[in-house]
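Please examine the sequence and the structure shown below before reading on. The paragraphs that follow lead through them step by step.

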Amino acid sequence: MKFDTPAAANPIDQLKVVGKATDRIDGPLKTTGTAPYAYERHDVVANQAHGFILGSAIAKGRISRMDIAAAKVAPGVIAVVTAENAGTLGKGKWNTAALLGGPEIQHYHQAVALVVAETFEQARDAAGLIKVDYQAEAGAYDLAAARNGATVAKGEPDSTVGDFNGAYTAAPVQLDATYTTPDQGHAMMEPHATIAAWNGDKLTLWTANQMINWGVKDVSQTLNIPEENIRLISPYIGGGFGGKLFVRSDALMAALGAKVAGRPVKVALTRPLMFNNTTHRPATIQRIRIGATREGRITAIGHESWSGDLPGGKPETAVQQTRLLYAGANRLTAMRLAVLDLPEGNAMRAPGEAPGLMALEVAMDEMAEKLGMDPIQFRILNDTQEDPEKPGRPYSQRQLTECLRQGAERFGWAKRDPKPASVREGRWLVGMGMAAGFRNNLVTKSAARVRLDGQGMVTVETDMTDIGTGTYTIIAQTAAETMGVPLDKVAVRLGDSNFPVSCGSGGQWGANNSTAGVYAACMKLRQSVARKLGFNAAEPHFADGHVSSGGHTVPLAQAAKDGDLVAEDQIEYGDLDKKYQQSTFAGHFVEVAVDSATGEIRLRRMLAVCAAGRILNPKSARSQVIGAMTMGAGAALMEELAVDKRRGFFVNHDLAGYEVPVHADIPHQEVVFLDEVDPISSPMKAKGVGELGICGVGAAVANAVYNATGVRVRDYPVTLDKVLDHLPEMT
Amino acid sequence: MRPFTYERATSPADASAKAASIPGARFIAGGTNLLDLMKLQIETPAHLIDVNGLGLDKIEETPDGGLRVGALVRNTDLAADMRVRRHYAVLSRALVAGASGQLRNVATTAGNLLQRTRCPYFYDPNQPCNKRQPGSGCSAIGGVSRQLGVVGTSEACIATHPSDMAVAMRVLDATVETVRPGGATRAIPIAELHRLPGDTPHVETSLERGELITAVTLPKPVGGAQLYHKVRDRASYAFALVSVAAIVQPDGTGRVALGGVAPKPWRVEAAEAHMKQGAKAVTAGLLADARPTDDNRFKVRLAERTLAAVLAEARG
Ligand SMILES: Cc1cc2nc3c(=O)[nH]c(=O)nc-3n(C[C@H](O)[C@H](O)[C@H](O)COP(=O)(O)OP(=O)(O)OC[C@H]3O[C@@H](n4cnc5c(N)ncnc54)[C@H](O)[C@@H]3O)c2cc1C
Ligand code: SF4
């Protein structure tokens with residue numbers, strides 16, 4: 001199905017199933033512990049051996065000698081894989097550094113060996129017996145120090161509109177401020193894990209991967225074997241946040257280990273490996289300049305960002321939203337990329353916007369204060385209904401102002417005292433902050449197969465993944481709505497490379513595109529059903545498990561009485577995303593209390609008002625947004641991969657050291673979805689919400705801390721040591 | 001994890017004797033610290049002696065009106081004991097400020113006292129660490145040290161002792177009872193249990209090889225307002241940046257110990273003479289010898305402000 005004109009009325013608009021708050025159909029499996037996650041798939045193949053990955057002890061240099069003799073003869077050991085016996089390996093398109101290091105070492109904890117043994121403990125013990133001599137080389141680990149040598153990244157030119165410098169210089173009110181965000185880790189619950197089994201030259205990987213088809217391609221490229229010899233199976237994923245978009249060392253080393261051992265091998269990354277062996281959200285330094293008239297109209301807006309990555313890597317696109325969010329005739333955005341020898345940077349939930357808005361939306365708060373304006377008014381005044389870089393290119397939907405107005409109303413913004421440090425409750429300094437949330441809606445093709453059987457059961461198959469987001473359920477809702485059957489008449493099978501290629505889970509594109517693909521396949525199945533039942537005249541009506549046309553009504557199942565009916569199709573997009581800017585919007589509101597003695601910052605209330613197209617399942621959408629708000633609170637207040645700038649690694653590489661919010665940190669969270677349908681985005685008229693929820697939250701927290709204390713912290717995370725020296729004297 | 005053998009001790013004396021005679025033997029109580037360290041091969045005991053079944057899990061009143069807390073009493077049970085809550089509130093408060101509910105259900109009194117540091121470099125066997133590998137150097141000095149110690153530290157090690165419970169026990173003047181390999185017992189004032197690192201940071205306590213903690217005794221209640229204030233980046237399930245245990249009497253005198261700042265619960269009795277003058281004076285005495293790093297310099301001010309808040313709360 002080609003989607004190149006805005007969606008007209010269609011079966012989804014019935015909203016009998018879609019749009020209803022629906023419990024996860026996979027909920028019982030999860031709550032009974034029977035959803036099969038990669039590492040626990042003991043039943044899929046017999047004789048599984050255990051692999052343990054040894055990570056490099058240095059950040060940069062070479063292995064001069066590796067002695068695996070003791071490990072090889074340790075109890076239970078079956079095989080040891082290193083770069084020496086792994087054969088020639090390629091590198092996946094989505095990997096920056098090699099997944100197996102040696103002799104060259106590109107980053108700390110890069111895998112240098114896999115020990116395969118009968119038990120996990122034997123493998124771990126033997127890995128400790130491997131002796132590696134390293135020749136360490138000096139590396140670059142400090143973004144601030146590397147900043148001056150940073151260059152324009154490939155494919156990321158500066159973007160300029162009008163005369164930024166001239167307009168900024170001439171502006172009567174100016175802001176020039178620099179913000180920093182630290183490296184952050186995905187820290188999802190389930191570690192990267194894979195079971196690999198070879199059958200001749202065919203490889204099966206039971207793994208945890210958000211993007212099945214990318215995975216197949218990258219395994220093929222890395223192992224130099226044809227794609228058709230590879231099967232990836234990943235039906236349940238215990239969180240990803242972008243950390244599982246790519247094939248990582250667990251999958252590669254399990255495949256190599258299984259080859260050398262001659263039997264299936266399972267590998268999970270241990271928690272300490274997850275922070276330095278895999279990817280992370282890179283740190284940024286961001287300079288923002290805003291020039292405005294005294295009335296508060298932005299005349300110049302500039303956003304420059306510096307980040308680092310391994311050679312061949314990519315910048316954190318922190319300036320992305322600034323190209324689109326606010327009006328202003330003169331504009332400049334630029335990114336510079338420095339070479340750093342830290343582990344590779346890559347996507348983490350809302351890459352670009354999440355750290356970008358942590359800076360931009362504090363800058364907007366600072367500017368509003370300079371102008372003596374309410375920060376909401378300032379944003380509304382500079383709202384735009386068209387792409388500010390390309391006047392005449394409208395937004396498909398843009399209800400930012402409505403998000404902010406409704407949010408202000410619900411949150412009691414009018415009660416906020418704009419003068420910082422003026423509200424005190426006992427020992428607490430109390431403040432409110434807000435920020436705009438913004439995240440683009442990405443459209444990309446996605447396929448599915450649907451089957452109708454003689455019992456009237458509809459089975460959907462697509463290689464789409466559910467990373468805990470609720471994909472199973474919205475896909476079932478889509479099929480149920482389109483085929484006119486109740487939810488329990490739909491079975492959904494995901495995450496298998498034998499199924500049609502979907503959009504996968506990432507960039508908050510999963511929900512809209514994967515359901516649109518399922519819708520396309522279902523519409524095709526409806527045609528087969530109509531033909532089979534001899535309903536040739538008008539478009540038949542599918543409802544309540546029946547099909548009716550011209551006064552006749554027959555059970556849907558009847559269409560499959562002579563055998564299953566199968567249809568496969570994909571959604572493909574025309575150029576509506578070129579003609580229209582498609583984005584999602586939010587207003588984030590936060591109240592904090594800061595301990596006037598210790599500077600401890602505690603959240604009191606959070607509200608997000610979101611405009612993100614049709615909300616397919618308000619229950620799981622809300623879960624996505626409150627989870628993202630929680631992650632945004634973590635980014636604001638505590639998350640930081642602490643870099644050892646001498647040794648080149650993230651020091652706090654476990655969950656005791658890398659703090660993410662716990663229940664006690666998260667207060668009442670309220671989420672409101674504006675009534676919106678976006679016929680430009682897809683036949684589903686939906687967009688994404690999974691990343692929108694994090695975008696802007698960090699800034700709203702920082703702005704609330706400022707309102708509470710009068711301390712403007714521009715270096716995240718906003719921890720107590722950064723406000724302590726500015727708190728009221730104690731008696 | 002290295003392979004190890006395991007046995008259940010039959011009596012405290014048996015446990016102690018075996019721990020002294022079997023090479024590489026260690027006691028295991030709740031295992032919440034030891035097992036984690038074994039998985040990372042930071043601790044590699046060859047033999048584990050389980051001391052859970054020795055009847056050391058009771059809380060009894062002592063003849064002089066104090067409490068004798070068995071070494072195996074779980075943190076949860078100790079915190080919930082009515083006598084503790086009523087007369088040693090600082091201990092109850094410190095306990096519930098530590099770790100998580102699940103961990104406290106398993107963690108024991110002795111295990112908590114003897115838990116090892118949370119210095120991140122100690123936890124990474126690739127990094128030099130004098131505590132883990134004597135003589136290899138200290139990575140934390142000049143590295144990431146926000147969590148680490150500001151006082152009582154040395155050129156060899158700046159790690160802290162991470163326990164909350166121990167800070168309260170220090171302010172309560174608890175006594176640690178032990179049995180030694182020969183069967184003899186002794187009582188160690190809590191102030192003397194933990195050692196400062198000096199140039200041997202791997203030697204952390206004054207216990208002998210094989211010496212088993214059997215109980216911790218609390219002297220008879222001293223009354224007063226008993227407060228524990230733990231400061232941390234997140235609201236729960238985090239080690240203290242700074243913590244303050246205080247007992248403040250109605251006349252303004254009292255006792256103070258700090259956590260999160262030193263290799264042991266940090267108390268300087270002489271500083272308590274200044275209690276009536278307030279937090280600044282007391283902290284000046286407590287942290288007179290502080291040698292913070294750039295990363296953790298804020299702890300000095302934080303300690304003073306936290307104590308000020310605690311004293312204000314005690315005054316009501
Ligand atoms: C994620 C996490 C967070 C935590 N947060 C906190 C916190 O915020 N505050 C806090 O105070 N603690 C915290 N802890 C530490 C926790 O309190 C300790 O792990 C626990 O108290 C140790 O008790 P255990 O009985 O499990 O000790 P074990 O692990 O069994 O033993 C610890 C050590 O004591 C020795 N030992 C045990 N019993 C005896 C005995 N009777 N005589 C002599 N030696 C003995 C063992 O040989 C071992 O060396 C945390 C732990 C974890 C894992
Ligand atoms: S501070 Fe102590 S524990 Fe930490 S690295 Fe230095 S010696 Fe090791």
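**Cavities, a ligand and some backbone details**

The second largest cavity is lined by Gly185(A), His186(A), Ala187(A), Met188(A), His192(A), Arg271(A), Met274(A), Phe275(A), Thr278(A), Thr279(A), His280(A) and Leu641(A). It should be kept in mind that the model is predicted. The space within the second largest cavity amounts to about 80 Å³. By class, its lining consists of 5 nonpolar, 6 polar and 1 charged residues.

The count of cavities of 30 Å³ or more comes to 10. The largest cavity holds about 90 Å³ of space. It is lined by 16 residues, and those closest to its centre are Cys119(B), Cys129(B), Cys138(B), Ala140(B) and Cys157(B). This lining comprises 12 nonpolar, 3 polar and 1 charged residues.

What takes up the space of the largest cavity? The occupant is ligand 2. Around ligand 2 there are 13 residues, of which the closest are Cys119(B), Cys129(B), Cys138(B), Cys157(B) and Ile158(B). In the shell around ligand 2, 10 residues are nonpolar, 2 are polar and 1 is charged.

Attention may now pass to chain B as a whole. For residues 1-223 of chain B, an unreviewed UniProt entry lists "domain: FAD-binding PCMH-type". Helix accounts for 26% of this span and strand for 16%, and the C-alpha atoms at its two ends lie 47 Å apart. A domain assignment divides chain B into domain 1 (5-52) and domain 2 (225-314). The centres of domain 1 of chain B and domain 2 of chain B, taken over C-alpha atoms, are separated by 35 Å.

The backbone of chain A offers further details. Most peptide bonds are trans, and most residues other than glycine have a negative phi. Where, then, is Pro103(A) placed? Pro103(A) belongs to the loop between strand 4 (77-82) and strand 5 (104-105) of chain A. The peptide bond that leads from Gly102(A) to Pro103(A) is cis, with omega near -10°. Another cis peptide bond, with omega about -5°, joins Tyr716(A) and Pro717(A). Pro717(A) lies in the loop between helix 16 (697-709) and helix 17 (720-723) of chain A.

Phe241(A) is a residue other than glycine with a positive phi, near 55°. The loop in which Phe241(A) is found runs between strand 12 (230-233) and helix 7 (249-261) of chain A.

How values were computed: Residues are numbered from 1 along each chain as its sequence is written. Chains are lettered from A and ligands numbered from 1 in the order in which they are written. This is a predicted model: local features need pLDDT of at least 70, side-chain atom pairs count only at pLDDT 80 or more; totals for chains, interfaces and linings use all residues. Side-chain values use heavy atoms; hydrogens and water are left out. A residue is near a molecule or strand if one of its heavy atoms lies within 4 Å of it. On a 1 Å grid over the protein atoms alone, a cavity is a set of points where a 1.4 Å probe fits but cannot get out, and a pocket is an open set with protein on both sides within 12 Å along at least five of seven lines; lining residues have an atom within 4 Å of a point. A molecule sits in a cavity or pocket if more than half of its atoms lie within 2 Å of its grid points. Ala, Val, Leu, Ile, Met, Phe, Trp, Tyr, Cys and Pro count as nonpolar, Asp, Glu, Lys and Arg as charged, and the others, Gly among them, as polar. UniProt positions are given in the numbering used here, feature names are shortened, and annotations may be inferred rather than shown by experiment. Helices (H or I, at least four residues) and strands (E, at least two) are DSSP runs, numbered from the N terminus. Grid points are joined across faces, edges and corners, and a volume is the space filled by probe spheres set on the points. Domain bounds come from an automatic or database domain assignment.
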